[in-house]
Structure formats: structure tokens, C-alpha cells
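Let's take a walk through this structure together, one interface and one chain at a time. Have the viewer open, and follow along as we go.

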Amino acid sequence: MSLRTTKQNGEWLDRTKKINFTFEGEAFIAFEGDTISSALWAAGQKVLGRSFKYHRARGVLSLANHDVNILVTDGMDTNMRADIVLVKDGMVLNAVNTVGGVKKDKNSFIDSISPLLPVGFYYKAFHTPRRFFPFWEKVIRKASGLGIVNFDYPRILKRKLHTHCDVLVIGAGPSGLTAALVAAEAGLEVTIVDENQQAGGSLGYNRGGNVATASQLTDLLAKVAGYSNITMITGAYAAGYYPDHLIPIVAANGITKVRAKTVIVASGAFEQPPVFRYNDLPGVMLGSAAQRLIYRYGVKPFNNGVVVTANDYGYRVALDLLVAGTKVVAVVDLRAEASSMAAELTKRGVKVYPGHCVYEALASSDKSGVRGAIICAYDEQKNVAITTKKITLECDGIAMSAGWAPAGALLYQAGTAMQFDYAVQQFVPNRIPDGIFAAGKVNGIFELEQRINDGRRAANEALRYLGLSAPEVVVEKHVGACPSHPYPMVPHDKGKNFVDFDEDIQIKDFVNAAKEGFDNIELMKRFTTVGMGPSQGKHSNMNAIRILAKIRNLPVEKIGTTTSRPFFHPTPIGHLGGRGFHSHRLTSLHQWHADHGAVFTDIGAWKRAAYYLTAGQTKEDAIQTEAMAVRQTAGIIDGSSFGKIEVHGPDAAEFLERFFTGVYTTQKVGSCRYVMLLDESGVIVDDGIASRLADDLFYLSVGTSNAAAVYREMQRSQQMWQLDLGLVNVTGAFGAINIAGPAAREILATLTDLDLSYESFPISSVRESFVAGVEARLIRVAFVSDVGYELHIPMVQVPQVWQALLDAGKKHGVRPFGSDTQRLLRLEMGHAMPGVDTDGLTNPFEIGAEWALKMTKAYFIGQRSLQILAKKPLRKRLVAFVLAENFKGEMPMDCNLVLEGREILGRVTSIGYSKFINRCIGLAFVTPAKTAIGAQFQIRTDNGSSVTATVVKTPFLKN
Amino acid sequence: MQALTPNKAVKLDAKISPAAPAQSGANVKWAVMNDMQIATAFASAEVEQARQKVLGVTDVSCFPRYGFKGPQAAQWAADHELAIPSSPNSWTLSDQKSLVLRLGGSEFLLEDQIGGIVCEKLSSISARVAGVYKVPRADAAFILNGSAALNLFAELCSLDLRPSALLANDVIMTQLAGISAIVIRQTHNGEPVYRIWCDGTYGAYMWETLIEIAVELGGGAVGLASYQQ
Amino acid sequence: MKLLTCPLNGSRPLSEFIFGGEYRDAPDQKTCSDSEWAAYVHNRNGAPGDKKEWWYHSPSGTWFIAERNTLSDKVSRTYLLSVNTNQMQEQAK
């Protein structure tokens, strides 16, 4: 039976557009603008979903994005909130939390065994006895969770954008709209956001039967539309508050991070359900939900309704129900004194019961709806029902209006101190951080004129905060009936009086939790799980606080509130991911590498060629082939990712002496020296080569992954030391090629006029010359081979030199090699690499780098710590080791432990098979007792076997 | 700066724009400008002109650049008759055809626009002067124009780059798509255009990112030939 | 996200900065005892209050000092560490 009314003034529907969809296999017709819930309710479908724990039938509760029992799936998305998701043509919808459909959910039996599932059930089940844990884990895992993850979910881009404005107004109700107007009038750029599909807030639906409010809203919105400096965003929620007024606004298509100069929070209040037995039946809904059904969607909430109230708001709801054509059977008011509006209702045939409560709602035979309500007198002092005289009212629905909780999440997140205002029985802002202002219901202002006034006041305060002048606006304190009842709870022997609909928590659960000692709000939250469901306590926290306050016999403000964290509503991971920027650096040879079978690896920010695969080759083959080329003829590697830094100026050598461990003031122009950087505690940070190009110019090359950090530290040191020099980071401007191997010199000689004889260009020297017509810095290094030249050239010219080397080396069989091969080659040379063979605690003594330390210098970073460390016995030391000849067992891996019995002596830092040496070789930390040449130790592999290693001299090549 | 010569054969040993690895495609036309191979067209002139109206992205990495810094850098610039911006983080034109960006207080980035010759002139100076340090530049450089340029920045950058915040001669060193970059707003043929510089090794990544978003917004890659029109 | 003011580049989101630790004066390494030095290297005062901190503006490569109250997370001022500012601070005292 259709509950659709005639067209309502201001409704959100386009009745000319019909929409067909199915829910649980049944066909439905809706209008454009309907949400899934409003369309189903209009069609008379009352069971819309099942509760999470007891699988109880549930219907409309708030229609304000808190109806978390009404989650549906369209086959692609899951946990769609039917109360706010617009229905679309062709949708095929099903409720998520059921076994066998929402009407005949097989799990609804859980409701009948609910006494077996006491509060804290999870904790208890998991806790003792321990041996039952696996059983309970299986049961609970199956029962818990909502919806089924769609692993075929396509990647749909959700953009994350940044925008800026002067004033961000959160909430487009009367207060927010007024604030936006005032700020816009002052010429400021205003953004106003509201999570509803249309602006207006309660002005759109809280009419109390008076249609004039609709035109009041129309006028207000027309004024707002007249300002080009107001950006209105609806259907999107302000999801959190981050420092300095950054507010992410989540919409269906992505997140906009708004950076505002000032923020006005006019987010309103959530209506809170009174608590009585069976207050969760489909057909029992908040008064504001009934109003939303009527005025937004043209739907009559029920045919024969009872209004249970504890404030004046319920009377307005009753008047609105009359507009919709609902026969209002009675208004049941917890308060002894009825509202002044009672007379009008009585006149229209509505019976008003002051001092009464709904003792319980009566379920229809299949528990799918309401067939009546039992009411009786209510003792407001003791907060109990007086059951001596019960009256049964027949009805098919109950509207509930007992009070409000502020939508203060963002205020809390911003660090607002709230206080409890007894005049409105609500937490209101007391001290708000600078630049944030609250207005309207969230600020404890309820009367419409005063809310508009409060919006003006907040905007004027915001203007003054921004340095503009604006008059003071006085807002009247609340007078008259309190909008919220201090304790709208009706105990019942048989329970099922729900406080939290997400988690099916009843009054007795709080009592029992307190009895077990969980009587602090944070503990109670975790033990009962109140407020931990998808609505995060929006309709339950305030009642929970009130119940706890009563249990502990404390005033409400002494109980406090739980912490509010972003996000305000659940936000999909895809929104958080956004586009996903993965920045990476490429050398100018990247395309060449890719064209020649390179397998790339990420090193720092760089994509480096790890090795080059040809058809039919394995990774291991490729690495060994490349390594053999370097050992037997020559290989070239793209070293463009090395960190490269120029130190210019008269104090350059002095700077290096303070920054690194060695001596540089005496270094000859044209020579190179090793550099090692320590931190203040003496731990190795990085190493590299300093080439002196002139008295006042050093060229540093350091490792790939640490380059940015090394340069940064150099900049910081320069700020402190204020030496006469300049630092230039040329990492991206210069590329580098290393040509290494016995034929390297001969190949290079064909491309340069430089005298490459070992006498005039010995190891550890640097020359500037032309290679293949390109200006280059040539550095004689012995990192991967005794004969090796690093050619440092402008990045864009690297391909030219690379190709020339390949052409010149063709007859020698020169091969490119990658960074994985380089690792093996340097291991064969016995070189330890910072970050690979050292960790965040390794000092130079532990890797045998005493030779690199000039302890007699006046100062270098880490020197003082080394002086202390030098006096202490060494705890570990890096050694070179080999495995047995023809070792065939399970290959140990980097980080495998060196063990003696159960005692850990150290660990492997590098290991690999060298085809050239035909041995498995590696480096490992061991205790000082195991460092002698020939000493043996045991490595435990991943699978637990023990492998014997023998300490040898380096380089391995010469063993 | 050399004029663009689209018909000139591409030299095998030419320098290649750092963004080139991300610019493959059958329709791309290449030419050499200032010794660098650069994309002159990605689509027909009509298509590119349409893109430019919405959001055109042009690779101008081939424009000559010159960098220097140090305590005496400003004095050195004056000695070489360069017009320099008087305040940090701003830019000016020198000789009408060369951009001079002041990065912070004591570092300068020069870029010859089409017809400019300042960088070429300075490059020939080899003498090292106390307190002035040459900064070799290997930037990837791009031009963005069209009505949707700010929509693109809204996703890539957390700063407010609207004209009210990014003033006519401002130089902004910030992060775009997670990497360090320099941004200014220029006027080209009476239209506002945005310039972006980043380290050349990030050039391909930056190009990919700019184009991905530009295409989504209804624009796309525009060759240097169209930009010169 | 928090904003921080770089003395050269103005107000920027925190994502453009790298934290460089608390700014602390080292004891004279020639005269201090081993334990004094170890305390300087390894011990940090975690008590909330006004701290001088190193911050680095990454896009421009600018190190500067921020004076921040670690309890309120309010930055009272930022400035370049240079001989001049050191002198100015001395004079201010």
C-alpha cells in the first residue's frame, strides 16, 4: 500500500521522472530524488535491514545518514546507506547483513538467544578459557563484519583536490546560511558545505504544520544564490578538522581539502531516541525522520501514529504528521506538564498524555512492524514507568522526540572544551580554538530567530578575527521548555530497550558493565561497544553518558565524552588513496635500459637497471654473465643516480674536514679521497669519494639512496658553521657511467686524448677532459674492479657517451651491467656498503674502518663519540667469509643469524655466489672471538639448517 | 636561442628532453632546438589548439638555462648587466626575452625565451668569481595554459595559486605531485600561462602526471610548434 | 595539516618540511666529560614546553629554526640561524 502523499511544497522529488529498481528481488518504483529508504517506505516496505548483532528487523530511524542497520549492496558497492543514497534506475539492491533475505533472515534466531550473549561477550569469549579461543574466533569471525568485500571492484579514480577560502561554513541550516550571507556581504570568499542533498537544514522539514517555513527557506536560499562569492557544496560532508583550518570535504567523487582562514561550525544536532522496550521496531522512528519523510520525499510515515516526546518538538512533529494525513492517535509526553501546543492538538482530535511514557511498543505478529504501544504513567524523578495502569494504543508507527546531541565532532577535533548547559541539557562549546566559531543548535541555540541571530553573531566574530570590523550581536539564552529531556529512558524487566542500534546495546548492558567495573566512559565504550558501530555513537553516546551518570550518581558533565576522531562518516579507502602519486627519478639512459631488457629496481627515488635479461635467461644467469664480463673484459653501468655535490669556495677543504672523518686540507688537486659521514653518536651514515678539482672546489660522489639526506646535512652544517663556501647539489644535473674491467682502459683510451697510463692517472685520482666529445670528470675508482673509471658528464649527454663506449668496446665484448650485478662485484672486492652492511647502530670500528678516521683532527662530526667508543671493547665486527667449496645446501640469506648454540653471535649482511671465484661469499657481523682468518661460525638459514662459514681475507678475488 | 627548425633531421647524438621517455606515440613529431630533441607536435594543429583552450601542456625543456648562486650572485648579475628582481622569490624579464628568477635571496635561474640570448652569453664565461657559484641546470620545464590550469594545480599542489595569491611576479618553490618544483605565472599572447620547472630526472614522471590530469580535464599534450604560434 | 612559516618562503603546509630535531647547543667536546657528551648525544628532554627546533623547507632547501611550544603545538616564531640572528638574540637578552 502506497504511503506517498500529494506533492509537498519544497520536496526533493522530481515526480515526472520514474525510477525502477529491485530490492531483495522485488520490483519497486520511485521518483527521482528518492533515497533507497524513502522509496521503499513509500511502497510500504518496512523491514529494510537487519541489525548487526541480533539480526532484528529494522526500518527508518533517522533518514539522516545514521541508519546503519539499513545497509544495502548493489552488487558492486557494499554497505551503501539506504537512508541517504539516491536510488537510480535499474538498481538491483539487497540488504547486507542477512542470511537468506531481509524478511526471513535465518540469523534472526540470534535475537531469541540474546541472553546467552551478555555484554562484553567478545572479551569474555576470547579471554578464558584459552583453549576455546580457536572455536570462538571461528564463530565470531563468521558472524562479525558487515557486507562482503567485492574483490573485483574496479579502480575508480577519486580525486583529492585542494581549495582555499576565507570562511568555511559547515552546515547549511538557518544558522549556517545566515553566517555565509554575512561573510559574503563583507566581501569574503565563503564556502558552505552540507551533507544533505539540498541546503536548508531543519528549516526544510521542521515546520510544525506551518507551510510558511518553506517560503522562508526559499527566500534565504535565493539570497545565498545571489552572491557569487559563496560556493555552496551539498551532498558532501566535512569529514574532520585538521590543524590550521584544513577540512577535508568528502563527496561521492572525491575529497576536497579546504584550507580556510576561519571556520564556522553550524552543524546542528542529532535527534536522540528515547529508550523503551522495542524502540527499534520498523515503524518506530525519530520525529525528525518522520518530518524528513513527509517534506523531502512526500511520504506518510504511518497511517496511525503515536508520538512519544519529552520536549516541545514532538508536538511539532504531530502537527506535521497531520499535514501528511497520518491519524495521530496520541502524543505521549514524559514530562508532567504538556506543551502549550497541546491545546491545538487536542482541538484537532489528538489525545495528549502528559506524564506518560511508552512502556513498550508492540510488534506485529511477524515482528516486521508495530501494531500498538503500551503506555503508562512515568515517574520523572525516579525515571521509571508506573505500570499500575497501562493503556494499549493501536498504531502502526511511533515517532520519537526526546532531545538532541550536538553534531560537535569537528569542534571536539579542533580542541574545543565543551561544558554541559543545563538550560538545554546539552554539551555546548566553552572554549573554542582561535579562528573557529560555532553557531546554532551545536552551540545550544534552538529557537529559530535566535539561530539566525547566532549565525550572524558567529560570522561577525569571524570577520573581526580576520581583522574586519563588525558589530557585536547579542544572542538570547535559551528560555522556555528544554529541547532535551535529561533522562528519556524507560526501564523494562524484559529489556530490548535499545540505546545503541548499531550494536544492539540495551540499558541492562550498561548496568552489567558498570557492575563488572567498566564504569568509566572510555572503558564502558570498549566493553559494551557503545558508539563503536558505523554511526560512531551519533544517536547513542549521549544516552550512554546519561545512563552512566545515573549509575554512578554523578552529574553528566563529570562523566565526560569519548574522543572524537576523523572521519565523521566512514570514508571509502579509494577516496583516501586518491590518484596515488608515485614519483620516481629516471636517468637519461632509462629508455635505453628499457629497450635492452633491463629489469628495474627502486633505489631511493630512482628506477635503476638491476640487470639485463635476454631471452631464456634467469636473473641469476644474467647477473653472473654481467659480472664475468667485468672480470674478464669490461662492463659499464649507469651510475647517474649517485649523489653528486660540489663544494665551492676558500673554506671547502675545511668544511669537508669537519663534515667527514678524513683529511682534506692536504689533499692534492687532481686526487680523490674516501669520505665517511657519521652522525653525532658515531654511527655511519654514508660514504663516498671527494675529488679535488681545484683548491677551492671539491666534487663529492656519495651513495644513491642517502644523497638527499647527506646534502641536507651539509646545508645544515653550513648554516651552523658559516664558512666561506657554496654547496651545489648536482645530482640531477650530472650523470655518471662507470666502466670497469681489465679492458676498461683500452676502450676508454679510444674516446679521449687524456693520458690514461696508470702512472699519470693512478687509482684515486680525478681528471677533467673530453670523452667522446663530451666534457667529463674522470675518476679512477676501484669499487667493483681494480681498473675502473667513473665518467661524470652532464645528464643529457650520458646517452651519447654510453653509446660511444659500447661501440668502442664492442670488439672486447663490453657489456652493460646493473645494480644487482654491481652488488655482487663489490662484494667480490670485499667492500662494505653503508646501509647494506651497516645499520642504524654501526660505528666505523665495527666494520674495520679505523683507517678512514683521522682522530687527531680538531673536530669532525661524531669524533667525540668515537673517542668514547674507542675505549670500550668491541662487541661485533664485520668479517668476510666463504662457504665450503661446492656448497650445495640451502643458501643463507642476508640477515640470517650467526648462531652458536642458542646464542646469537651476529648476522649475515651480504651474501652471494660468485661464479668467477666459484664460491659463496659474504660479509657478516660476528663477535670479536670469531674474527681471525680461518675461524668458523654457523649460519642458520630460513628453514633452520645450519651452514658453516669460514672467515677469509678480502678482497675475495685475491684469496 | 636558435629558432625552431621542424624539418631539420634529428641527430642521433642530440640531447633528448628529460620528459621524452614519457612522450612516446606514433603522432609525435620531433625537432632539435638548442641542441635538444624536443616534441614539436603531439596531434594536429586543430586538436592542439583546442587542447590549449582547456589545458595544454607543452615541454620546453629545450629552452637554454643558466644558474648561479652565492653571496655575491646579485652583484655579479649587476656586473653583467642583468636585470634582476629586487626581492627574493620573484622574477623579471631581462633583455625582454630572458626570464630571471630569484630563488630565495641569493640564487638565480635564467631562462632564454624564444629569441633570448642571455644564457648563451653567460655560458661562455668560464672565470670563477669569489662568492659566485655556477649551478648547472638540467631542468624539465613545462608550460601550462588554458582555462582549466588551476583545476590541475588543485590536485597537484596544496598552495593557493589563483591570481589573488600567486602574484604576477611571484616565484613559488613548492611541491607538485610530491616533488619539488618552481612555479610562476606568465602572460603569453595576453593569456595567463603557468610555468613549471623540476629536476630533469623527474621530468618523465611530471610529464606523465600533468598529461594524465590534463586529458581527464579535456586538454592534453601540445607540441612546441603550437605554443610558438 | 599544519602550516609552518618558512622565513624565506612564507606559510606552507607541513608536508613541504622535514623535521631536523631539537636545536641544542653541544657541550665543548674538548672539555666535557664522557658522560656529559653521552647525555648530549643520547638523552632528550621530553618535557613539554618551548623548544627550538630545526626545520627544513624541502623545495627551497632552507634550514631554519622554529620556536614551538610542544604542549600547545603553537609556533611562536621562525628564523634563519645565522651569525646575525645569533647576535640579535644575544642583544635581545
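Two residues are in contact here when heavy atoms of theirs lie within 4.5 Å. Please keep in mind that this is a predicted model.

Let's begin where chain C meets chain B. Ten residues from chain C and eight residues from chain B make up that contact. The area buried between the two chains is about 750 Å², and carbon and sulfur atoms give 47% of that area. On the chain C side, C:Leu8, C:Arg12 and C:Pro59 are the ones to highlight: they supply 50% of the area that chain C buries against chain B, more than any other three residues. By class, the side of chain C that touches chain B divides into three nonpolar, five polar and two charged residues. What about specific interactions? Between chain C and chain B there are zero salt bridges, while the rule finds four residue pairs in polar contact across this interface, with both residues at pLDDT 80 or more.

Now turn to the interface of chain A and chain B. Here 37 residues of chain A are in contact with 33 residues of chain B. About 2,900 Å² is buried between these two chains, with carbon and sulfur atoms giving 55% of it. Within chain A, the residues that lose the most area to chain B are A:His164, A:Arg579 and A:Phe581, which together account for 20% of what that side buries.

One of those residues, A:Arg579, also appears in a salt bridge with B:Glu212, in which the closest N and O atoms are 2.6 Å apart. Across the interface of chain A and chain B, the rule finds eight salt bridges. To these you can add a count of 16 residue pairs in polar contact, again with both residues at pLDDT 80 or more. Which strands of chain A each supply at least two residues of the side that touches chain B? They are β8 (159–170), β32 (643–648) and β36 (726–729). Strand β8(A) gives the most, with five residues. By class, the side of chain A that touches chain B has 17 nonpolar, twelve polar and eight charged residues.

Stepping back to chain A as a whole, its secondary structure comes to 24 helices and 47 strands. The radius of gyration of chain A is 38 Å, well over the 30 Å that the globule rule gives for 959 residues, so chain A is more spread out than a compact globule. Along its principal axes, the C-alpha trace of chain A spans about 115 × 70 × 55 Å.

For a local detail in chain A, zoom in on helix α13 (residues 521–528). The side chains of A:Arg526 and A:Glu522 meet there in a salt bridge, at 2.7 Å from N to O. These two residues are four apart in the helix, which means that about one helical turn separates them. Over all chains, the count by this rule comes to 51 salt bridges.

Let's finish in chain B, with a small sheet to trace by eye. Three strands form an open sheet in the order β1-β3-β2, and the pairing is mixed. Its edge strands are β1 (15–16) and β2 (29–33) of chain B, each of which pairs on one side only. Strands of a sheet pair through backbone hydrogen bonds, either parallel or antiparallel. For β2(B) and β3 (residues 36–41) of chain B, the sense is antiparallel, over five bridges. If you would like one pair to locate, B:Val32 has B:Gln37 in β3(B) as its bridge partner.

Methods: Residues are numbered from 1 along each chain as its sequence is written. Chains are lettered from A and ligands numbered from 1 in the order in which they are written. Side-chain values use heavy atoms; hydrogens and water are left out. Two strands pair if DSSP finds at least two bridges between them. Buried area is the accessible area (1.4 Å probe) that two parts lose on being put together, summed over both. A salt bridge is a side-chain nitrogen of Lys or Arg within 4 Å of a carboxyl oxygen of Asp or Glu. A polar contact is a pair of N or O atoms within 3.5 Å; within protein, one must be able to donate a hydrogen and the other to accept it, and residues adjacent in sequence count only if both atoms are side-chain atoms. Ala, Val, Leu, Ile, Met, Phe, Trp, Tyr, Cys and Pro count as nonpolar, Asp, Glu, Lys and Arg as charged, and the others, Gly among them, as polar. The radius of gyration is taken over C-alpha atoms; the globule rule is 2.2 Å times the number of residues to the power 0.38.
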